[in-house]
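Open the structure in your viewer and keep the selection tool ready. This tour goes stop by stop.

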Amino acid sequence: MTRECAVLLPGVCAALADPRQPGLDDTCLEKLLDWFRSLTWFDPTVELVQDNPCLTELITSVLAQADPSPSILSFTLQLAGILASSESRFQHLQQEKLLGRLFGQEGPRGGAAWEDASVRSAWVKGVHSMVHHQPALHFLCSTGGMDVIFSLQGDPSLFVASAASQLLVHLLTFSLESETSKTLSTKDCDWPVCAQMIVKHIEESLQSGSASHIEQSLKLLSSLFGSCFGSCYAAWTEVLWLGIAKQIESFLLEETVQAQPVLANLLLNVARSPVFGGTEGSFWALVTSALEHLTPVQAGPLAVGLLKLCKCPQDVRIQALTVLLQPMDCILRAASQPLECAGLLDESVSDPVTIESLLSSKTSCAGLLCQTLAHLEKLLSLKHLRVDLPCVSLLHSLMTILQFCNGFLSPASPLGSTISRNLINCFRVQKSALDVLAALSGKKDCDTLLGSLFDVLLAYLQSPNTNPTVLKKAFQATSKWLVHLQELSSSNSQQSQQQTEKILEDVFVVLQKRLCSPSWEVRDSSLEFLTAMVKCLRDQKEFRQCLLSSEVLRLTENLLEDPESYVRASAVTAVGHLALVTCFAPESPVTGSQYNKESIVAKLQEILSTDSEGFPRRAVISIFTKWLREGCTGQLEDTEQFVSRVIQMVEHDLDWEVRLGGLELVEVFCSQTICQLAQCPYAPVSSAVPSPTPQNELLQVFCRAKLFGFLFASLCDCDKPVGQRACDVLVGLRGHFYPTSTLENPQEIEDSPAGRGIAWLQRTLRQGSLAQNFPTDGGDGVDFQDPESMMLALGAIDLLELHDELNKSSDHVEESPQSLLQDILAAVGTIKDNEVDCY
């Protein structure tokens, strides 16, 4: 603790202990507790409380009050727990007879204050902080604290109940730390005292017949096995599990027990424990039983969790996959009578009638399918899935679901008709199915269904009844499958190429219609889809032909003037990517003034300089940077003029993200220019062989483009990310022009006119954002377009110091402990205004 804080602390403690003072903001109290946590973490000695007797005086004063405020009492409980976290401070507080009055039977747990949930929560947190040594553990067990914690597991406040459960996990784990791994039996005497109390409580609760007690203990067990206990205490984990396994099995078989979802989570956490890594044993038989007896909704999370485990036995893994595929299999079988294609499964894990009844119910059908589809999407995203998915049948099932949802399939079976009625226009299921459909793109053996698949997707893209969010998902899935289609087309027969051309033509017909939609969300999604296609397919001949023969180019340019700013921004991005096909291709296939490079650049520059919304302007600067990266802006002279014009447009933009985008453009330009003139990126200049020509030429290019005025002004930007990026660029430039750190001496150059200007610049930059109105027109003797002056500036100004200042957290002063203590004193009126560092 600093001397300044030690001086302020007694006043703060006196203010907190004074019941006449107005209550402090809870945020201040939390910050004060955080400070004490950091102090005690680094210093376990007793000196903290001995050298600051005001801390124990605060606790004594609060305990002496007949009716302390809940917030101050809560603060005191947590503070005492933090202070008692080391054995030496614990003993000191025990000698002062304070801990029993806080956490023992004579404490608040028996009084009116206990009715306040914040006090109960603080008691639990205080105990949690305190129990990090054996004396604290013995104190808790001997003063009835364990029974209090057990009762708080069922507290009406979820925060208190959760904290109590976490505390029990900590207590059991901590009580075993001093025990060595040894051959254990399930006798009570094998457990340390505290652990024995917890285990006995769990076993009694599980046998109590009380639904709430059973659920609390199952949640506690789940937390235990999911914590480090399950992985660090293998022998104890096995003993604990063997003591409860029979009871868990009975819960699976009893229909009256309502804790099945908790059981599924418990089994999954136990499965993750290294104790049960073998493929044999009763545990995996219990997991198999759970997959059979839990409802499909309850078994789904367990199944997907098992499929992610490396050590799960193969037969259990196959059974878990079967659980997930059962609803999809039911959909496929219900779609037609007689069955036109093979189902997904040869046999079911649970009774198929259960799945059929859930899908037949309006209330459960969508929920079951959405959960199943979400799990399948997770599995498809895994790089290594240790079981084969029947992708073709799964794709067929997805297409069936989507056709049920839009009413394009009329099943002959009664079950299919019922499911179809339940799913018609169900947006939730449509979105989930389209997500899985996109994830399936490119999976093996699905090519035979491509024609039917695109029929389904095009039906969604064409239908006026398609919800805008669903349409967006349909566009995303179509984009993914188009990429796969092109990969097949480039390597397959002429027939495959003809199929690709036909599908692309159909897609562009739909896209033209959607770009004219009255819904701005639809226009926006259509533009995003177009951009995605251009990114992936712009080099494909069939795509370019369909694009250039459609009205899409004209319609997209029209949307640059859309009344909705999101659409204008998406149109800018689309036009920018389309220009890579229409204007900047080596042999541009598009002719006419409408599509020439100058026209496109002029339109985007107009948006950058005049659009009233930030989104389109951000999109323009992002596209210009992309063009620059891809070398689309011509020879060096053309690029220089282009960058210079853009800088002048963005340097005073009110949107800081646009200014930041301008700095990214400058960074790319600097990197490319250095590459061109110095032959390799950021090539250091040898000090032995003077080579002034490339250096001078570089500086002249940068000065003509007016880069330095923009960069130095950005250092004083009121938005910190802009200043940080500008500083990064300038530090990179200095690293090129001064490769050996032979920087200029400010004293040696200050006598010259340029040097005096540089000294002024250094002083101005130190003001930071206070110097926002930064003169870039040569004021105060600084010529930002003079190569010699800028060379001096790069060498003399301490850019690294500026870099450190800009990268400091903005709260490095305001959130210091001294500032916090001053603020508390100011809030209670015991400090003068000019002494406080308020924020």
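Two helices count as roughly parallel when the angle between them is under 35 degrees. Keep that cut-off in mind for the helix pairs below. The model is a predicted one.

**The whole chain**

Start with everything selected, colored by secondary structure. The chain has 43 helices and zero strands. It runs to 839 residues, and 52% of them count as buried. Now switch to a surface view. The exposed area is about 37,800 Å², with carbon and sulfur atoms supplying 50% of it. Next, think about contacts between residues at least 6 apart in sequence. Of these, 71% join residues at least 24 apart.

**Stop 1: α21 and α24**

Select residues 362–381, which form helix α21, and residues 427–439, which form helix α24. Their axes lie 9 Å apart, and the packing angle is about 20°. How do α21 and α24 run relative to each other? The angle of about 20° is under 35 degrees, so α21 and α24 are roughly parallel. Their crossing is left-handed.

Show the side chains where the two helices meet. On α21, pick A366, G367, L369, C370, L373, L376, E377 and L380. On α24, pick R428, V429, S432, A433, D435, V436 and A439. Color this set by class: 10 residues are nonpolar, two are polar and three are charged.

**Stop 2: α18 against α21**

Keep α21 on screen. Add residues 296–307, helix α18. Which angle do α18 and α21 make? They pack at about 0°, and their axes are 10 Å apart. That makes α18 roughly parallel to α21.

Show the contact residues here too. P296, V297, G300, P301, V304 and L307 belong to α18. Facing them in α21 are L368, Q371, H375 and L379. By class, the contact of α18 with α21 holds seven nonpolar residues, three polar ones and no charged ones.

**Stop 3: Q298**

Stay on α18 and select Q298, which sits in this helix. Is Q298 buried or exposed? Its relative accessibility is 19%, so Q298 counts as buried; the cut-off for buried is under 20%. Leave aside residues up to four places away in sequence. Q298 then touches Q260, P261 and A264.

**Stop 4: P135**

Jump to residues 134–142, helix α9, and select P135 there. Which residues does P135 touch, not counting those up to four places away in sequence? They are E87, F90 and Q91. Draw a distance between the C-alpha atoms of P135 and F90. It should read 8.1 Å, although the two residues are 45 apart along the chain.

**Stop 5: K97 and N425**

End with two loop residues and their backbone angles. Most residues other than glycine have a negative phi. These two have positive values.

Select K97 in the loop between α6 (87–95) and α7 (99–103). Its phi is near 55°. K97 is exposed, with a relative accessible area of 61%.

Now select N425. Where is N425 found? It is in the loop between α23 (414–423) and α24, the α24 that packs against α21 at the first stop. Phi of N425 is near 60°, again a positive value in a residue other than glycine. At 44% relative accessibility, N425 counts as partly exposed.

Methods:
Residues are numbered from 1 along each chain as its sequence is written. This is a predicted model: local features need pLDDT of at least 70, side-chain atom pairs count only at pLDDT 80 or more; totals for chains, interfaces and linings use all residues. Side-chain values use heavy atoms; hydrogens and water are left out. Helices (H or I, at least four residues) and strands (E, at least two) are DSSP runs, numbered from the N terminus. Buried means under 20% relative accessible area, exposed over 50%, partly exposed in between (1.4 Å probe, protein chains only). Contact means heavy atoms within 4.5 Å. Accessible areas come from the Shrake-Rupley method with a 1.4 Å probe; for residues, only the protein chains shown count as cover. Axes are lines fitted to C-alpha atoms, for helices over the stretch in contact, and angles run from 0 to 180 degrees between N-to-C directions. Angles under 35 degrees count as roughly parallel, over 145 as roughly antiparallel, 65 to 115 as roughly perpendicular and the rest as oblique. A crossing is left-handed if the near helix is turned anticlockwise from the far one by less than a right angle, and right-handed if clockwise. Ala, Val, Leu, Ile, Met, Phe, Trp, Tyr, Cys and Pro count as nonpolar, Asp, Glu, Lys and Arg as charged, and the others, Gly among them, as polar.
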